[in-house]
Every structure is written in structure tokens, then in C-alpha cells.
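Student: I would like a close look at one part of this model: the disulfides. Please walk me through them, one link at a time, with the strands around them.

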Amino acid sequence: MHQRRNLGRMFLLITVLLFGFASAQKVVQLSYCSLAENNLRMDCKYAVPAESPEPFCKYTQGERLLDTTDPDEEQHAPYKNRAKARIFPGNVCRLLFKNLPKGKSNFTCNIRLGDSAAATKTSVVEKKLLLPCSAWSVLLQSCSGLLLTLMTLPTLL
């Protein structure tokens with residue numbers, strides 16, 4: 001009887017935890033490319049529960065706020081003319097960042113619904129390895145599985 005009660009409690013706890021994770025927002029993918037010699041475009045693809053309000057998006061470097069879609073947060077002063085974050089259809093938050101410094105830079109995308117904890121993903125961008133933005137480079141970064149399938153399909157037939 002005691003074991004059955006413990007199993008029931010464990011099942012309830014697991015169900016509550018799984019439901020909590022299933023209903024939260026998450027960052028699915030972070031991709032980036034170069035718009036011009038010193039300009040970065042970073043796309044943060046996220047997933048939110050159906051019928052959720054539009055989330056807030058922000059990009060940070062460590063504790064410095066590059067930009068945000070949340071009107072209650074203030075952008076770090078040196079980035080006011082260098083960084084712009086916007087939400088696009090298809091659950092994408094895009095950062096346009098001017099004057100990317102040489103070397104490696106960390107960028108973190110934060111997606112938050114209301115007062116819930118933010119979902120984050122960080123990527124290291126190395127300027128000398130940055131590919132130019134084009135339909136091909138975006139396709140390679142975002143749909144590599146689909147692209148591989150489409151390219152090998154003719155050889156299989």
C-alpha cells in the first residue's frame with residue numbers, strides 16, 4: 001500500500017513537471033551571417049505554446065543589454081545606434097548589429113513570456129569565419145536535414 005501511494009505521488013510529480021516543460025517557451029535555433037563587412041545579422045528561432053501572447057526578446061553580451069523588444073528594459077547606452085532587435089513572423093527574433101569587433105564575440109538570445117523565466121541560447125561568433133547572408137547560407141544553417149534529403153533524392157531514384 002505504501003509503495004502504491006509513493007508511485008502515485010511520483011506519477012503526479014512527473015506529469016506536473018512534463019506539463020510545465022511542454023508549456024514553456026524555448027529557443028530552437030540561433031543562426032547568424034554577415035550583412036556587410038562589419039555588420040551581423042542573428043536570427044533566434046523560438047517556440048511558444050499555442051495562443052500565447054507575443055514574447056519579449058532580447059540580445060545580450062554578458063550583462064550588457066544590446067537591445068530588447070521589452071519597453072520596460074533600457075538598452076545599454078553604447079549600443080543604441082549599433083544594435084536593433086525585432087520580432088518577425090514565424091517566431092523569429094532578429095538582431096542587426098553594426099561594427100562587429102574583430103575576434104570572437106558571444107551573443108545570447110533571451111525569449112520570455114510574461115513573468116516566466118527566459119529561455120536562452122548563446123552562440124560564439126568569430127568575425128573572420130562569418131559567412132555572408134544569402135538565401136543559400138540561411139538555408140544551410142536552418143534546414144540542413146531537408147537540404148541533404150533534397151540533394152540525395154535524385155541519386156536514390
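Tutor: What follows takes the disulfides in turn, with the strands that carry them.

The model is predicted. Start with the frame. The protein chain has three helices and eight strands. Read from the N terminus, the elements run α-β-β-β-β-β-β-β-β-α-α. Of its 157 residues, 29% count as buried. The accessible surface of the chain is about 10,800 Å². Carbon and sulfur atoms hold 60% of that surface. Now take contacts with a separation of 6 or more. Residues 24 or more positions apart make up 51% of them.

Now the links. How many disulfides does the structure hold? There are three. Number the bonded cysteines in sequence order, and the pairing reads 1-6, 2-5, 3-4.

Take the 1-6 link. Cys-33 and Cys-133 form this disulfide, with sulfur atoms 1.8 Å apart. The angle about the S-S bond is 90°, and the link of Cys-33 and Cys-133 is right-handed. Cys-33 sits in strand 1, while Cys-133 sits in the loop between strand 8 and helix 2 (135-142), so the link ties together parts 100 residues apart in sequence. Are the two ends buried or exposed? Cys-33 has a relative accessible area of 3%, so Cys-33 is buried. Cys-133 comes to 22%. The cut-off for buried is under 20%, and exposed begins over 50%. Cys-133 is therefore partly exposed.

The loop that carries Cys-133 is also the place of Lys-127. At 19% relative accessibility, Lys-127 counts as buried, because the cut-off is under 20%. What does Lys-127 touch, leaving out residues up to four places away in sequence? The partners are Glu-37, Asn-38, Leu-100, Pro-101, Lys-102 and Gly-103. One of them, Asn-38, is 89 residues from Lys-127 in sequence. In space, the C-alpha atoms of Lys-127 and Asn-38 are 8.2 Å apart.

Next comes the 2-5 link. Cys-44 and Cys-109 form this disulfide, with sulfur atoms 2.0 Å apart. The angle about the S-S bond is -90°, and the link of Cys-44 and Cys-109 is left-handed. Cys-44 is in strand 2 (residues 39-47) and Cys-109 is in strand 7, so the pair connects parts 65 residues apart in sequence. Both Cys-44 and Cys-109 are buried.

Look at the surroundings of Cys-109. Its strand 7 (residues 104-112) is joined by eight bridges to strand 8 (residues 119-126), and the two run antiparallel. Within this pairing, Ser-105 stands opposite Val-125 in strand 8. Strand 7 and strand 8 form a hairpin with six residues between the strands. In that hairpin, Gly-114 takes a positive phi near 55°.

The 3-4 link remains. Cys-57 and Cys-93 form this disulfide, with sulfur atoms 1.8 Å apart. The angle about the S-S bond is -85°, and the link of Cys-57 and Cys-93 is left-handed. Cys-57 lies in strand 3 (residues 56-61) and Cys-93 in strand 6, so the pair holds together parts 36 residues apart in sequence. Cys-57 is buried, and so is Cys-93.

Which strands make up the sheet, and in what order? The sheet is open and has four strands, in the order 1-2-6-5, with antiparallel pairing. Strand 1 (26-36) and strand 5 (83-88) are the edge strands, each pairing on one side only. From one strand to the next, the twist averages 20°. Strand 5 and strand 6 (residues 92-97) pair in the antiparallel sense over six bridges. Here Ala-85 stands opposite Leu-95 in strand 6.

Put the links back on this sheet. Cys-33 lies in strand 1, an edge strand. Cys-44 lies in strand 2, and Cys-93 lies in strand 6. Their partners are Cys-133 for Cys-33, Cys-109 for Cys-44 and Cys-57 for Cys-93. Cys-133 is in the loop between strand 8 and helix 2, Cys-109 is in strand 7 and Cys-57 is in strand 3.

Terms used
Residues numbered from 1 in each chain as written. Predicted model: local features only at pLDDT ≥ 70, side-chain atom pairs only at ≥ 80, totals over all residues. Heavy atoms only, no water. Pairing = 2+ DSSP bridges. Axes fitted to C-alpha atoms, helices over the stretch in contact; angles between N-to-C directions. Disulfide = S-S within 2.5 Å. Buried < 20%, exposed > 50% of the residue type's maximum accessible area, 1.4 Å probe, protein only. Contact = heavy atoms within 4.5 Å. Areas by Shrake-Rupley, 256 points an atom, 1.4 Å probe, with all protein chains shown as cover.
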